[in-house]
Every structure is written in structure tokens, then in C-alpha cells.
Amino acid sequence: MTSPHGVPTTGELAGAVREFLERDVMPAVDGRLAFLARVAANVMAQIERELDLGPQHARTHAERLARLEVGDDGDLCRAIRDGSLDHRMDEVVAATRASVVDKLRVANPRYLREEDQISNQRLDQAVHTWK
């Protein structure tokens, strides 16, 4: 897909900043500045992942909510609280878990369980084929 803002894209800019921090800044500094550079590089990597995965995650999240017959996360919370989804608790747990896995795929994929990391690698391959 072509970006309406041309080249470089937001993802490419985030990647360039991350690479600069990792290759040039972090090796040249120590102490607190090295820590802050690592934090900044991690933030840039998270931005890259969100740009790559966000649209697909939004679609699958909306599909999960629709299958549970709720409009949004607030509706899901209310349905859990009032017990109206108690008879579908296995589905609620599966949908909630899948949403948490998607969030970890963006925030920090290293926290995923091994089987989710494997599916994350498959997802990464699929995302790159979509581009």
C-alpha cells in the first residue's frame, strides 16, 4: 500500500531512528544515557510493530467482539460484570486471551509464551506479504 505522505513512511522513519539509537548512540554512551537510549529504541520498535500489526489487530479484535455480540470493550466489561456472558465464559476467556496476546505482540513480543511466539513469527511473515 502506498502512503499518502510519500516516502519515507512513518514506519520507515521509526525504523531509522531505532537503528540510529542502536548502532550509533548506544555503543557511544554509558550509564543513564545508555539506558535512556535503550528505552527510546524500544519505543521506536514498538511503534514499528504497531504500525505493522495495528490494522490487522483492530480487525480481529472487532471480529472477536462481534462474535460475543458486544459493541466494544466497555460493553464486554459490562457483560462480564452483569453475568450475561457467563454461559459463554470459555469464549470470553479465549477472546480476552487473544487480545492480550495481540497487545504483547506490539508492546513486547519477548513476553509471549513459546507457542504464541511461533504464531507471532507466522504473523510477521504474513504481515510482510500484505505489504
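A residue counts as exposed when its relative accessible area is over 50%, as buried when that value is under 20%, and as partly exposed in between. Keep those cut-offs in mind, since we'll lean on them for several residues in this predicted model. Take Glu69 to start with: its relative accessibility is 66%, so Glu69 counts as exposed.

Now for the overall layout. The chain has five helices and zero strands, so reading from the N terminus you simply get α-α-α-α-α. Of its 131 residues, 27% count as buried. If you look at contacts with a separation of 6 or more, 44% of them are between residues 24 or more positions apart.

Let's begin with the first pair of helices. H1 covers residues 10-25, and its axis comes within 9 Å of the axis of H2, the two crossing at roughly 155°. An angle over 145 degrees counts as roughly antiparallel, and that makes H1 roughly antiparallel to H2. The crossing itself is left-handed. On the H1 side, the contact is made by Thr10, Gly11, Ala14, Gly15, Val17, Arg18, Leu21, Glu22 and Val25. H2 answers with Ala37, Arg38, Ala40, Ala41, Met44, Ala45, Ile47, Glu48 and Leu51. Sort these residues by character and you find 11 nonpolar, three polar and four charged.

Ala45 is a good residue to zoom in on here. It sits in helix H2 and, at 14% relative accessibility, counts as buried. Its C-alpha atom is 7.3 Å from that of Ala14, although the two residues are 31 apart along the chain. Val43, also found in helix H2, has a relative accessibility of 41% and so counts as partly exposed. Val43 has a distant sequence partner to look at too: Asn108 is 65 residues away in sequence, with a C-alpha to C-alpha distance of 9.9 Å.

Next, follow H2 to its other partner. H2 spans residues 31-67 and packs against H4, residues 89-107, at an angle of about 165° with the axes 8 Å apart. That angle makes H2 roughly antiparallel to H4, and this crossing is left-handed. From H2, the residues in contact are Gln46, Arg49, Glu50, Leu53, His57, Thr60, His61 and Arg64. From H4, they are Ala95, Ala98, Ser99, Asp102, Arg105, Val106 and Ala107. What is the mix of nonpolar, polar and charged residues in the contact of H2 with H4? It divides into five nonpolar, five polar and five charged.

One of the polar players is worth a closer look. Ser99 lies in helix H4 and counts as buried, with 12% relative accessibility. Setting aside neighbours within four places in sequence, Ser99 is in contact with His61 and Arg64, both of which belong to the H2 side of the packing just described.

Now turn to the nonpolar cores. In soluble globular proteins, nonpolar side chains tend to be buried together. The largest nonpolar core here has eight residues: Leu65, Leu68, Val70, Leu76, Ala79, Leu85, Val92 and Ala95. H3 and H4 are the elements that give two or more residues to this core. Leu65 makes a handy entry point: leaving out neighbours within four places in sequence, Leu65 is in contact with Val70, Gly71, Asp72, Asp73 and Leu76. Another core, of seven residues, lies apart from this one, and among its members are Ala14, Leu21, Ala41 and Met44. You have met those four already, as part of the contact between H1 and H2.

Finally, the loops on either side of H3. Glu69, the residue we opened with, is in the loop between H2 and H3. Most residues other than glycine have a negative phi. Glu69 has a phi near 60°, a positive value in a non-glycine residue. On the other side of helix H3 (73-82), Arg88 lies in the loop that leads to H4. Is Arg88 buried or exposed? Its relative accessible area is 14%, so Arg88 is buried. Not counting residues up to four places away in sequence, Arg88 touches Arg67, Leu68 and Glu69. Two of those tie back to what came before: Leu68 is a member of the largest nonpolar core, and Glu69 is the exposed loop residue.

Notes: Residues numbered from 1 in each chain as written. Predicted model: local features only at pLDDT ≥ 70, side-chain atom pairs only at ≥ 80, totals over all residues. Heavy atoms only, no water. Axes fitted to C-alpha atoms, helices over the stretch in contact; angles between N-to-C directions. Parallel < 35°, antiparallel > 145°, perpendicular 65-115°, else oblique. Left-handed = near helix turned anticlockwise from the far one by under 90°. Contact = heavy atoms within 4.5 Å. Nonpolar A, V, L, I, M, F, W, Y, C, P; charged D, E, K, R; others polar. Buried < 20%, exposed > 50% of the residue type's maximum accessible area, 1.4 Å probe, protein only. Core = buried A, V, L, I, M, F, W, Y, C linked by side-chain atoms within 4.5 Å.
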